[in-house]
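Student: Before I rely on the labels attached to this structure, I would like to see how each of them is justified. Could we go through them one at a time?

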Amino acid sequence: MSKIAYQLIAFQTIIFFFTVSSIKAQTTTLEQKTDKVARLAVNYMNIDLPDSVYHLTGDQFRKTISQPTWNNVYKQFVSLLPFTKTVFISSKDSINKYKLIGKITLAYYVSLDQKGKLNNFSFVPYKDEVNVLKMTEAERKTNILAKKYYY
């Protein structure tokens, strides 16, 4: 191989590792398993299989929300479908947070029980998090006042 070919391969390898290292990723086995179940649930919702989503849920979820209740909730939720992109945001205390992009953008929280079934399965309007470190002093003061007023 020529010197140019080696340089091209080296450059592509560097770009690949830079790209992989800059992507937010699930690092623990639990986060990865939660990610698979979370994405499967979104896929089932997108192809209109609410019973399959309910089948992914665990005992605690089912004690809170019965099958008929879930079906009613899903009927109201279906107008938001399909979700075109599921973006992993973070994981904290065994709960994965995602940004669901579709007709509207939602924050999607998922955790699993001991059996690997959905335990926490919730959606709220998505808000970008504010990076306090990048705020000016005036913005920090405004942020503190706003938190006192709104929270």
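The turns below take up the sheet, the helix packed on it and some of the aromatic rings.

Tutor: Keep in mind throughout that this is a predicted model. The sheet is open, with four strands in the order β1-β2-β3-β4 and antiparallel pairing.

Student: What makes β1 and β4 the edge strands?

Tutor: Strands β1 (83-92) and β4 (118-125) each pair on one side only, and that is what the term edge refers to here. Neighbouring strands of the sheet are turned by 20° against each other on average, with direction ignored.

Student: How do you know that β2 and β3 pair?

Tutor: Pairing requires at least two bridges, and five bridges join β2 (residues 95-102) to β3 (residues 106-112), so the pair qualifies. The two strands run antiparallel, and Leu 100 stands opposite Leu 106 in β3.

Student: Which helix packs on this sheet, and which strands does it touch?

Tutor: Helix α2 (residues 29-46) does, touching β1, β2, β3 and β4, and its direction makes about 125° with that of β3. Its buried residues include Val 37, Ala 38, Ala 41 and Val 42, and what covers the buried residues of α2 includes α3 (50-55) and α5 (67-77) as well as the four strands.

Student: How does the span of α2 compare with the expected one?

Tutor: From its first C-alpha to its last, this helix of 18 residues reaches 26 Å, which is close to the 26 Å expected at 1.5 Å a residue.

Student: Why is the pair of Phe 61 and Trp 70 called edge-to-face?

Tutor: The ring centres are 6.5 Å apart and the planes stand at 70°; planes over 60 degrees apart count as edge-to-face, so the pair takes that name. With relative accessible areas of 7% for Phe 61 and 6% for Trp 70, both fall under the 20% cut-off and are therefore buried.

Student: And why is the pair of Tyr 108 and Phe 123 called stacked or edge-to-face, whichever applies?

Tutor: Their centres lie 4.8 Å apart with the planes at 5°, which is under the 30 degrees that stacking requires, so this pair is stacked. It links distant parts of the chain, Tyr 108 in strand β3 and Phe 123 in strand β4, 15 residues apart.

Student: Is Phe 123 buried or partly exposed, and why?

Tutor: At 23% relative accessibility, Phe 123 lies between the 20% and 50% limits, and therefore counts as partly exposed, whereas Tyr 108, at 0%, counts as buried.

Methods. Residues are numbered from 1 along each chain as its sequence is written. This is a predicted model: local features need pLDDT of at least 70, side-chain atom pairs count only at pLDDT 80 or more; totals for chains, interfaces and linings use all residues. Side-chain values use heavy atoms; hydrogens and water are left out. Axes are lines fitted to C-alpha atoms, for helices over the stretch in contact, and angles run from 0 to 180 degrees between N-to-C directions. Contact means heavy atoms within 4.5 Å. Rings of Phe, Tyr and Trp (its six-membered ring) pair if their centres lie within 6.5 Å; planes under 30 degrees apart count as stacked, over 60 as edge-to-face and the rest as tilted. Buried means under 20% relative accessible area, exposed over 50%, partly exposed in between (1.4 Å probe, protein chains only). The expected span of a helix is 1.5 Å times one less than its number of residues.
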